[in-house]
Amino acid sequence: MNNNFVLGPNPLGILQSRGIGDIIIALPIADYYRDQGHTIYWPICSEFISHFEHTVPWINWIPVPTDRQGAFFYDTPVDYLQQLGVTDCICLYQALSGHPEFSARPEFQIQSFDQYKYSVAGVPFLKKWQLSNCITRQLDRELQLKQSVTDGRPYVVTHLIGSDHVCDLDIAHLIPTDWQIVPVTAHTDCIMDWITTLQHAEAIVAVDSVVANLVDQLGIAQQVDSYFIPRSHIQLSPVLGWDWTILEPSESIRQRISIFTNR
């Protein structure tokens, strides 16, 4: 590890090295402790650094290399923080191989995974929906992305591929013929660049993954018709703060999503 950090006052480490959606869920936890006067140090997998280094610059992001043994989840981050002299840490993992103590907590049986993170961190759960306080918008990049993926027509943003889940859904015949479909794909190395595009969509269809987290935590789902496709049972699904239409990847989806054509 290249140690380019000078410890700030009241250093606090966050242990949640991946994925992007989980980190976004937990950003308001770090913000809560920033407000308490802590300097935040957060080791995350190296490939995620570009999503946060400019949009959340007040956190000291520490790149962690991935490895086949899985040390990047916990052991390597703890080691890096100790090397820096950060001894006070909050671990946000609900369950992790080799660490049965995480799932032994009483919260594990009664809370969804995002509620669990806030409970163990001692942060009010409503703080989750204050994500806008945590990020620095790069409006020039957001506008450039919107201009590159949209063509002036009304559009629907779709995000149907999560880190470990693909939803096979073709919505082309379910929306007005003069609407554009804009899939969230690798046009950029920062997921936050999609915020403006999401805000100006006619509708958003998202599998349970990072885009759904952004849309919900930023309150975009309050302003844009938003459709959520679950992929896990209740403990592993996020709590949604706004009025989403919940879809199932089945035949019934054709009836639920047809609201697009009735606007």
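## Thr185 and the loop after S6

Thr185 is placed in the loop that runs between strand S6 (180-183) and helix H7 (195-199). The model is a predicted one, and in it Thr185 counts as partly exposed because its relative accessibility is 40%, a value that falls between the 20% and 50% limits used for the buried and exposed classes. The C-alpha atom of Thr185 is separated by 9.4 Å from that of Thr158, although the two residues are 27 residues apart along the chain.

## The chain as a whole

The protein chain contains nine helices and nine strands, and buried residues make up 51% of its 263 residues. Among the contacts in the protein chain with a separation of 6 or more, 67% are accounted for by residues 24 or more positions apart. The surface that the protein chain exposes comes to about 12,400 Å², of which carbon and sulfur atoms supply 48%.

## Thr150 and its surroundings

A second threonine, Thr150, lies in the loop between helix H6 (139-149) and strand S5 (155-159). Thr150 is classed as buried because its relative accessible area is 16%, which is under the 20% limit for that class. A polar atom of the Thr150 side chain lies 2.6 Å from the backbone oxygen of Lys146.

Once its neighbours within four places in sequence are left aside, Thr150 is in contact with Tyr155, Gln180, Val182 and Thr197.

## Strand S8 and its partner

Strand S8 is largely enclosed by the rest of the structure, because four of its five residues are buried. Strand S7 (residues 203-207) is joined to S8 by five bridges, and the two strands run parallel. Within this arrangement, Ile204 stands opposite Ser226 in S8.

## Aromatic pairs and a charge over a ring

How many aromatic pairs does a search of the whole structure find? The search finds eight, and one of them is formed by Phe228 and Trp244, whose ring centres are 5.8 Å apart and whose planes make an angle of 80 degrees, an edge-to-face geometry. This pair links distant parts of the chain, since Phe228 belongs to strand S8 (residues 225-229) while Trp244 sits in the loop between S8 and strand S9 (245-246), 16 residues apart. Both Phe228 and Trp244 are buried.

Elsewhere, Trp42, Phe52 and Trp61 form one aromatic cluster. Arg34 lies over the face of Trp58, at 3.9 Å from the ring centre.

## Trp242 in the loop between S8 and S9

Trp242 is also found in the loop between S8 and S9. Is Trp242 buried or partly exposed? Trp242 is partly exposed, because its relative accessible area is 33%, whereas Trp244, in that loop, is buried.

Not counting residues up to four places away in sequence, Trp242 touches Trp129, Asp216, Gly219, Ala221 and Gln222. Two of these residues appear again in the distances computed for Trp242: the side chain of Trp242 reaches the backbone oxygen of Asp216 at 3.0 Å, and the C-alpha atoms of Trp242 and Gly219 are separated by 7.3 Å, with their positions 23 residues apart along the chain counted as the distance apart.

Technical notes:
Residues numbered from 1 in each chain as written. Predicted model: local features only at pLDDT ≥ 70, side-chain atom pairs only at ≥ 80, totals over all residues. Heavy atoms only, no water. Phe/Tyr/Trp six-rings, centres within 6.5 Å; stacked < 30°, edge-to-face > 60°. Buried < 20%, exposed > 50% of the residue type's maximum accessible area, 1.4 Å probe, protein only. Lys NZ or Arg CZ within 6 Å of the ring centre and 35° of its normal. Polar contact = N/O pair within 3.5 Å; in protein donor to acceptor, adjacent residues only side chain to side chain. Contact = heavy atoms within 4.5 Å. Areas by Shrake-Rupley, 256 points an atom, 1.4 Å probe, with all protein chains shown as cover. Pairing = 2+ DSSP bridges.
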